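Here is a small set of exercises to work through with the model open beside you. Try each task on your own before reading its solution.

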Amino acid sequence: MIGGGVGALGYQLYWGEITAGTMAAAAALLDSVRTQLSTFTETLSIMLDKWRGSIRLVRLVEREEDGVLRSQTFPVNWSKIECQRLDYSFGEKKVLKSFSLSLQRGEWVILQGASGAGKSTLVELLCRVRNPTAGMILFDQIPLSTITESEVRKNIALVLQQGMIFTATFRENLTLQSVTAAEDLLQVLKIVELDILVESLPMKLDTEIFEGGENFSGGEKQRIMIGRALLKNPSLLVLDESTAMIGAQQEESILTNIRANFPGMTVILVSHKSDAKKFADRVITL
Ligand SMILES: Nc1ncnc2c1ncn2[C@@H]1O[C@H](COP(=O)(O)OP(=O)(O)O)[C@@H](O)[C@H]1O
Ligand SMILES: [Mg+2]
């Protein structure tokens, strides 16, 4: 559904040592994942070439096709996000019309509304997966539209209900091969309650996750994706129905853990479990 959005943004493929063969393999791989990559959620999406038996990295880097020169760094110490009169339309269909909202640093917000109300659209604007048709999003005084792609991906994390699990090890699925301190990894495993599971695996963190994560449950995969997001230590975390397959009790304890360990993080939660509301400083209904 949103695949067209990714195509429209346009990504350039970067490869280390490129030969015609690897380039063709990369293009095929890219096509096969593009349908799954419904929104561009990863810092740099890293795909693993499963055909060649070795790990190859494909980095998808946004081309600045709209001609906007993005040079701003992310204001990591921002204290307020302002959404000013946002419009967003899919063709003729207006999903958001002059929508304004301000979010404080450290605030937890539950976003609710019927299916189709525009919850995912709004969070995609906040994470700059989409750009508003009109209006502006400011992090303090800095327009989100002027911040470089890598800075946006590094500082804002969006976790979807159906995110990507790679055919790679448990560790790689969490870190996306970025350098990560062992204690940070352990801390995050505890927060998302995967520490005991990982301990029980034959190769622990080096255990392979099979294609699509078929050797793990839906809830476990969602916890891996939340863990991956937390490892970035983002200042804005969006969980868009990404706890749907996690039981109510476990969702509650994971959210409690996140709240205790990431005090300065603003969290937007789209969850249909009524218990999630107790974590909200505010409930916004679309
Ligand atoms: N890629 C798309 N193309 C056309 N319409 C879309 C697309 N994505 C979402 N919509 C429409 O926009 C509206 C808002 O969708 P969405 O933000 O996903 O709502 P929610 O997350 O609240 O269920 C819905 O009517 C939906 O059908
Ligand atoms: Mg949605």
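The exercises below concern a predicted model, and each is followed by a worked solution.

**Exercise 1. The shell around the ligand**

Work out which residues are closest to ligand 1, and which helix supplies the largest share of its shell.

*Solution.* Start by collecting the neighbours: ligand 1 is surrounded by 13 residues. The closest are Phe90, Gly116, Lys119, Ser120 and Thr121. Next, sort the shell by class, which gives six polar, five nonpolar and two charged residues. Then look at secondary structure: strand S5 (93-104) and helix H3 (119-126) each contribute at least two residues. The largest share, three residues, belongs to H3.

**Exercise 2. The antiparallel sheet**

Find the order of the strands in the four-stranded open sheet, and identify its edges.

*Solution.* Follow the pairings across the sheet and you get S5-S4-S7-S8, with antiparallel pairing. The edges are S5 and strand S8 (142-143), since each of these pairs on one side only.

Now take the pairs one by one.

- Strand S4 (residues 80-90) is joined to S5 by eight bridges. Phe90 has Lys93 in S5 as its bridge partner.
- S4 also pairs with S7, here over five bridges. Asp87 is partnered by Ala134 in S7.
- Strand S7 (residues 134-139) pairs with S8 over two bridges. Phe139 stands opposite Ile142, and Leu138 stands opposite Pro143.

**Exercise 3. Two hairpin turns**

Which turn residues take a positive phi in the hairpin of S4 and S5 and in the hairpin of S7 and S8?

*Solution.* Begin with S4 and S5: two residues lie between the strands, and Gly91 has a positive phi near 60 degrees. Move on to S7 and S8: this hairpin also has two residues between its strands. In its turn, Asp140 has a positive phi of about 55 degrees.

**Exercise 4. The parallel sheet and its helices**

Describe the five-stranded open sheet, then place H3 and H8 on it.

*Solution.* The strand order is S9-S10-S11-S6-S12, and the pairing is parallel. Strand S9 (156-160) and strand S12 (282-285) form the edges, each pairing on one side only. From one strand to the next, the twist averages 15 degrees.

For one of the pairings, look at strand S10 (residues 236-240) and strand S11 (residues 266-270), which are joined by five bridges. Within this pair, Leu237 has Val267 in S11 as its bridge partner.

Now add the helices. H3 packs on the sheet and touches strand S6 (108-112), S9, S10 and S11. The direction of H3 makes about 155 degrees with that of S10. H8 packs on the sheet too, touching S9 and S10, and its direction makes about 175 degrees with that of S9.

**Exercise 5. A helix crossing**

Is H6 oblique or roughly parallel to H8, and which residues of the two helices meet?

*Solution.* First find the geometry: the axes of helix H6 (residues 182-191) and helix H8 (residues 218-231) come within 9 Å and cross at roughly 135 degrees. H6 is therefore oblique to H8. The crossing is right-handed.

Then list the contacts: on the H6 side they involve Asp184, Val188, Leu189 and Ile191, and on the H8 side Gly227, Leu230 and Leu231. By class, this contact holds five nonpolar residues, one polar and one charged.

Note on methods:
Residues are numbered from 1 along each chain as its sequence is written. Chains are lettered from A and ligands numbered from 1 in the order in which they are written. This is a predicted model: local features need pLDDT of at least 70, side-chain atom pairs count only at pLDDT 80 or more; totals for chains, interfaces and linings use all residues. A residue is near a molecule or strand if its C-beta atom, placed from the backbone, lies within 6 Å of it. Ala, Val, Leu, Ile, Met, Phe, Trp, Tyr, Cys and Pro count as nonpolar, Asp, Glu, Lys and Arg as charged, and the others, Gly among them, as polar. Two strands pair if DSSP finds at least two bridges between them. Axes are lines fitted to C-alpha atoms, for helices over the stretch in contact, and angles run from 0 to 180 degrees between N-to-C directions. Angles under 35 degrees count as roughly parallel, over 145 as roughly antiparallel, 65 to 115 as roughly perpendicular and the rest as oblique. A crossing is left-handed if the near helix is turned anticlockwise from the far one by less than a right angle, and right-handed if clockwise. Two residues are in contact if their C-beta atoms, placed from the backbone, lie within 7 Å.
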